[in-house]
Amino acid sequence: MRRLAAIACSLLFLGLAPTASAQDLPRSIKIVVPFPAGGTTDILARYVAQSLEIRHGITVIVDNRAGASGVIGSQSVAAAPPDGSVLLLTATHHVINPSLRKSLPYDTRTAFSAVAVIATAPNALVVGRDFAAKNVGELIAMAKAQPGKLSFASSGVGGANHLSGELFKQMAGVEIVHVPYKGAAPAMNDLIGGHVPIMFDTLPTVIPGAAAGTLRVLAVTGRERAATLPDVPTLDEAGLKGFEATAWFGLYMPRAGESAVYGRLVTVIHDVLADPAIKEKFASQGVEPGKLFGAEFAKFVDAEIAKWGRVVAAANLQPE
């Protein structure tokens with residue numbers, strides 16, 4: 001017994017023992033990512049998995065189940081037992097899908113317990129290097145003078161970047177044609193090549209082109225200016241008061257009510273996101289750790305579902 005006690009003390013001294021908040025969680029957890037490996041959501045999930053293993057002694061497997069804009073992977077989590085052994089880490093698609101799909105195999109509001117916003121990143125309004133407008137005001141003036149003549153690219157119909165553009169159109173009172181692509185990369189290539197003049201995309205994707213001078217960033221879509229582009233205004237500052245369309249990534253578990261496992265999971269993820277190593281890793285991806293947990297995150301999810309529902313309806317996008 002003395003030997004075991006000595007080992008335990010040594011582990012505590014080294015910071016390797018699981019914290020008390022994690023002791024009753026499953027010792028093995030699967031995080032389902034409903035998108036292919038290699039994307040931002042997948043990378044963030046693997047960072048969280050590493051931190052859970054190092055800080056809390058939990059073995060974590062990341063399971064990529066792509067398809068149907070995140071629906072396939074989300075469905076598998078909704079059907080899993082609510083014991084904390086299966087989690088879902090997904091993107092903004094999760095709160096947009098209820099408005100863009102005629103039916104879902106789960107109720108987004110009731111099938112999951114919202115654990116935490118894992119990370120956030122503003123989108124950016126970008127234009128080609130030689131585009132005439134030098135700021136948001138000039139862009140809006142051009143669009144109003146030429147209704148339906150300008151176009152904007154996105155990574156596909158119904159994604160957060162597409163709906164950022166639709167929200168811009170609605171708040172600016174302009175008509176700009178949406179050009180959907182099969183992914184952000186081909187859309188960005190056509191923007192840089194001068195085939196489409198305007199695009200909304202996530203900041204991490206935009207920064208390399210901005211640094212190289214192959215595109216220009218007119219504004220960011222968050223509430224605050226981006227630390228990586230401090231001289232670029234927000235769309236709110238540029239005249240569209242109240243504009244916000246931030247990309248965010250959320251962690252959920254199957255609906256668990258106010259169970260003890262849910263409460264402990266919220267506490268553990270709060271600890272993970274406070275880890276300086278996580279902050280550094282997230283910064284390398286151009287995102288910041290989230291700040292909403294538990295009930296606050298659940299309220300945010302409901303508000304986002306309603307917000308994007310209004311945008312979809314105003315844009316007259318037909319559910320699939």
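This is a short tutorial dialogue on reading a predicted model.

Student: Before we start, what kind of model is this?

Tutor: It is a predicted model, and the local features we discuss need a pLDDT of at least 70.

Student: Good to know. Let me begin with helix length: how far does H6 reach from its first C-alpha to its last?

Tutor: The idea is to compare the end-to-end distance with what 1.5 Å a residue would give. Helix H6, residues 160–172, has 13 residues and reaches 18 Å, close to the 18 Å expected. You can try H2 in the same way: its 17 residues should span 24 Å, and its end C-alpha atoms are 24 Å apart, so the two values agree.

Student: And what comes just after each of these helices?

Tutor: A glycine with positive phi in both cases. Gly173 follows H6 with a phi of about 70°, and Gly57 follows H2 with a phi of about 65°.

Student: Which residues other than glycine have a positive phi?

Tutor: Ser69 and Asn316 are two to look at. Phi of Ser69 is near 55°, and the residue sits in the loop between strand S2 (59–64) and helix H3 (71–78). Asn316 has a phi near 60° and lies in the segment after H11.

Student: Are those two buried or exposed?

Tutor: Here the cut-offs help: buried is under 20% relative accessible area, exposed is over 50%, and partly exposed is in between. Ser69 has a relative accessible area of 34%, so it counts as partly exposed. Asn316, at 57%, counts as exposed.

Student: How many residues of H6 are buried?

Tutor: H6 is mostly covered, with 11 of its 13 residues buried. Among them are the polar or charged residues Asn161, His162, Ser164, Glu166 and Lys169, along with Leu163, Leu167 and Phe168. In H2 the buried residues include Asp42, Leu44, Tyr47, Val48, Leu52 and His56.

Student: Now helix packing. At what angle do H6 and H11 pack?

Tutor: For a pair of helices, look at the angle between their axes, the distance between those axes and the residues that touch. H6 and helix H11 (residues 294–314) pack at about 70°, with their axes 10 Å apart. An angle from 65 to 115 degrees counts as roughly perpendicular, so H6 is roughly perpendicular to H11. Their crossing is left-handed. On the H6 side the contact is made by Leu163, Ser164, Glu166, Leu167 and Gln170, and on the H11 side by Lys307, Trp308, Val311, Val312 and Ala314.

Student: Which helices does H2 pack against?

Tutor: H10 and H9 are two of its partners here. The axes of H2 (residues 40–56) and H10 (residues 276–284) come within 11 Å and cross at roughly 165°. That angle makes H2 roughly antiparallel to H10, and the crossing is right-handed. Leu44, Tyr47, Val48, Gln50 and Ser51 of H2 meet Ile278, Lys281, Phe282 and Ser284 of H10.

Student: And H9?

Tutor: H2 and H9 (residues 260–273) pack at about 100°, with axes 10 Å apart. This makes H2 roughly perpendicular to H9. The H2 residues Val48, Ser51, Leu52, Arg55 and His56 meet Val268, Ile269, Asp271 and Val272 of H9. Notice that Val48 and Ser51 appear in the contacts with H10 and again in those with H9.

Student: How do I read the surroundings of a single residue, say Ser154?

Tutor: Combine its element, its accessibility and its contacts. Ser154 is in strand S5 (residues 151–154) and is buried, at 0% relative accessibility. A polar atom of its side chain lies 3.2 Å from the backbone nitrogen of Gly156. Beyond its neighbours within four places in sequence, Ser154 contacts several residues, including Asn161, His162, His178 and Tyr181.

Student: What does Asn161 contact in turn?

Tutor: Asn161 lies in H6 and is buried, with a relative accessible area of 7%. With neighbours within four places set aside, Asn161 touches Asn123, Ser154, Ser155, Phe200, Asp201 and Thr202.

Student: One last residue: where is Val217 found?

Tutor: Val217 is in strand S8 (residues 215–220) and is buried, at 16% relative accessible area. Its contacts outside the neighbours within four places are Ala124, Leu125, Val126, Val206, Ala210, Leu229 and Val232.

How values were computed:
Residues are numbered from 1 along each chain as its sequence is written. This is a predicted model: local features need pLDDT of at least 70, side-chain atom pairs count only at pLDDT 80 or more; totals for chains, interfaces and linings use all residues. Side-chain values use heavy atoms; hydrogens and water are left out. Helices (H or I, at least four residues) and strands (E, at least two) are DSSP runs, numbered from the N terminus. Buried means under 20% relative accessible area, exposed over 50%, partly exposed in between (1.4 Å probe, protein chains only). A polar contact is a pair of N or O atoms within 3.5 Å; within protein, one must be able to donate a hydrogen and the other to accept it, and residues adjacent in sequence count only if both atoms are side-chain atoms. Contact means heavy atoms within 4.5 Å. Axes are lines fitted to C-alpha atoms, for helices over the stretch in contact, and angles run from 0 to 180 degrees between N-to-C directions. Angles under 35 degrees count as roughly parallel, over 145 as roughly antiparallel, 65 to 115 as roughly perpendicular and the rest as oblique. A crossing is left-handed if the near helix is turned anticlockwise from the far one by less than a right angle, and right-handed if clockwise.
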